[in-house]
Amino acid sequence: MIDVRTYLFTVTYVAILVNIVISLYGVFVRPNVIKKIIALSIFGDSIYVYSILIGFRKAEPYPVIPIMTTWQPSSEYISQFASTAVDPVPPALVLTGVVIGLAVMLFLVFLALQTYRLFGTLDIRKIVRMRG
Amino acid sequence: MSELYELIPYLVLSITALASTISVYLAIIEKDLIKAVLYSAIQSTFYALIFYLLMVPDIVLVYIPVSVGLLPAILIIAVKKTEKYEDVTGISKTTSTIILTLVVIFTLISGYLLLLSHAITFAIFPSTDIRTLARWFLNTTLWWNRMFSAMSPESVTAIVWDYRGLDTYFETSVMYLAIIGALALARYIEIPKKMFKEEAMGMSIIGKMATRIMVPMILIVAVSIALHGHLTPGGGFQGGVTAAVTVSLLIFIFSVYFAARFFKINTAILLRIIGLIGIILAATITLIIGFLTGQQAYIFQNQPKVIAQIGLPYEIGGNLISGTLLIFNTSEFLAVVMGFAILFLLLSIPEENVMEVIRGEVE
């Protein structure tokens, strides 16, 4: 007998996997550079969701956020906190990744705008044919 | 009945993931690029809900301003300056199918490896235990033995600056390099100094009045998120991107000339450098104190360690400040908001002025 929670969690996993497939299709096949940037940002976000999913845990009734609600904790509180909070390492990595991802996306948009100013088009097939 | 109640978060999680798949599909096949950007913003909203249900409020606070607020605004500016529609004539069906097949195979292999990394028993649902490293971080983040602790109840901020400070340092330098690259591409381009009528530009008076009320409130919330980063969900990155939303609001609702009154590009670069100096100071302040007093100290040290009995105070007058975490959050806030303000101002300069500069270089 499969647990309903496991089933619902698997649905989430597969849906995010399909998102990765569709966004990779956008990166490889669609000709417009701005569309490629949109697809690339969706791809990165799906990877972030995966990293967070790895840090999730099973706890009764539901896991808590990895932040203490008191600032003079007793040892019982700490052990209870450590046995119910989710993994704090993936959020710390994704946190910086989101902001740096935005800066890199902005740089890509600048490159795309410069390409449009010099070539007059953003269709990657026409840009390749022009040879600088 | 109580079991059904416990199922609700997982149910919402799976429905949200399926809805995000629909919006991703619509965003990729849409030919109108403005609509594609909006569909991708809807997808980001669903992802934010997923992050919330997975119990990571730090990511929600940084993800909503970045992916729902800032990135669609940037892409809409870029689409307005370039082509509005995507030309998809001439993509042959066979090429499309071959690439799609390769992508599906690649993704299935990587997904299978991900499953393997999760558990040998193929149980996708995570176990009750987490890794030893994470348990160590959770146990020591606020502990009255200062030799091992970061003295902050917020374990994510403690990892970002104290436990794994070197990672954050180099990631900040990646962001610095991206902004320097964009500045190099936009060299010699300046915001034109021309007389303009404020009433004649931008949106209606209702939108302008609402923005005048909203902007100070957003700034207060952003500063509050940044300064309480070591106590509650938040920190320098989250507060910085929240404050950067105000720059995009000023540009969209009023005009770039109006926004340039508050954010001069050179002043923004100066404030950003001050923020970066603050980050370097937060990394080396213990080392400097150690040099001055002749004791042993390390770079990126926050609280005293066994062989380096020196550290910053974790509280001042009964208020928890967690040593260098407060300095880091303030400096990172300044660096992030000013970096994005520079990029926004450069991005929204009218295209005629940019073309003049480029033609002048070519001739």
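These legends describe close-up views of a predicted model with chains A and B.

**View 1. Chain B as a whole.**
Chain B contains 13 helices and two strands. Its C-alpha atoms fill a box of roughly 65 × 55 × 45 Å along the principal axes. Of its 363 residues, 40% count as buried. Contacts in chain B with a separation of 6 or more include many across long stretches of sequence: 66% of them join residues 24 or more positions apart.

**View 2. The contact between chains A and B.**
Chain A gives 82 residues to the contact, and chain B gives 97 residues. On the chain A side, four helices each supply at least two residues: α1 (4–29), α2 (33–55), α3 (75–84) and α4 (89–119). Which helix gives the largest share of that side? It is α1(A), with 23 residues. By type, the chain A residues that touch chain B are 63 nonpolar, 10 polar and nine charged.

**View 3. Helix α3 of chain A against helix α5 of chain B.**
Here α3(A) meets α5(B), which spans residues 132–140. The two axes come within 9 Å and cross at roughly 145°. The crossing is right-handed. From α3(A), the contact uses A:I78, A:F81 and A:A82. From α5(B), it uses B:R135, B:L138 and B:N139. The residues of this contact divide into four nonpolar, one polar and one charged.

**View 4. An enclosed helix, α6 of chain B.**
Is helix α6(B), residues 155–163, enclosed or open? Nine of its nine residues are buried, so the helix is largely enclosed by the rest of the structure. The buried residues are B:S155, B:V156, B:T157, B:A158, B:I159, B:V160, B:W161, B:D162 and B:Y163. The cover comes from both chains. It includes α4 of chain A. From chain B it includes α3 (57–81), α5, α7 (165–185) and α12.

**View 5. The largest nonpolar core.**
This core holds 130 residues. Which members touch the most others? They are A:V99 and B:A341. Helix α12 of chain B, residues 324–347, gives the core its largest share, 18 residues. Beyond its neighbours within four places in sequence, B:A341 is in contact with B:A244, B:V247, B:F263 and B:A268. As general background, nonpolar side chains tend to be buried together in soluble globular proteins.

**View 6. Two residues of chain B with positive phi.**
Most residues other than glycine have a negative phi. B:F300 has a positive phi, near 60°. B:F300 sits in the loop between α11 (265–293) and β1 (315–316) of chain B. B:S322 also has a positive phi, about 55°, and is not a glycine. B:S322 sits in the loop between β2 (319–320) and α12 of chain B. Is each one buried or partly exposed? B:F300 has 18 C-beta neighbours inside 10 Å, so it counts as partly exposed. B:S322 has 31 other C-beta atoms within 10 Å, so it is buried. The cut-off for buried is 20 or more.

**View 7. B:L49 in helix α2 of chain B.**
B:L49 belongs to helix α2(B), residues 33–53. It counts as partly exposed because it has 18 C-beta neighbours inside 10 Å. B:L13 is 36 residues away from B:L49 in sequence. In space, their C-alpha atoms are 8.0 Å apart. B:L49 also falls in a stretch annotated in UniProt: an unreviewed entry gives "domain: MrpA C-terminal/MbhD" for residues 21–83 of chain B. That span is 87% helix and 0% strand. Its end C-alpha atoms lie 26 Å apart.

**View 8. B:I218 in helix α8 of chain B.**
B:I218 belongs to helix α8(B), residues 205–227. With 17 C-beta neighbours inside 10 Å, B:I218 counts as partly exposed. Which residues does B:I218 contact, leaving aside neighbours within four places in sequence? They are B:T242, B:V245 and B:T246. B:F237 is 19 residues from B:I218 in sequence, and their C-alpha atoms are 15 Å apart. An unreviewed UniProt entry places "domain: Na+/H+ antiporter MnhB subunit-related protein" at residues 208–340 of chain B. The span is 69% helix and 3% strand, and its end C-alpha atoms lie 22 Å apart.

Note on methods: Residues numbered from 1 in each chain as written. Chains lettered and ligands numbered in written order. Predicted model: local features only at pLDDT ≥ 70, side-chain atom pairs only at ≥ 80, totals over all residues. Buried ≥ 20, exposed ≤ 12 C-beta atoms within 10 Å, placed from the backbone. Contact = placed C-beta atoms within 7 Å. Nonpolar A, V, L, I, M, F, W, Y, C, P; charged D, E, K, R; others polar. Axes fitted to C-alpha atoms, helices over the stretch in contact; angles between N-to-C directions. Left-handed = near helix turned anticlockwise from the far one by under 90°. UniProt positions renumbered as here; feature names shortened; annotations may be inferred. Core = buried A, V, L, I, M, F, W, Y, C linked by C-beta atoms within 7 Å.
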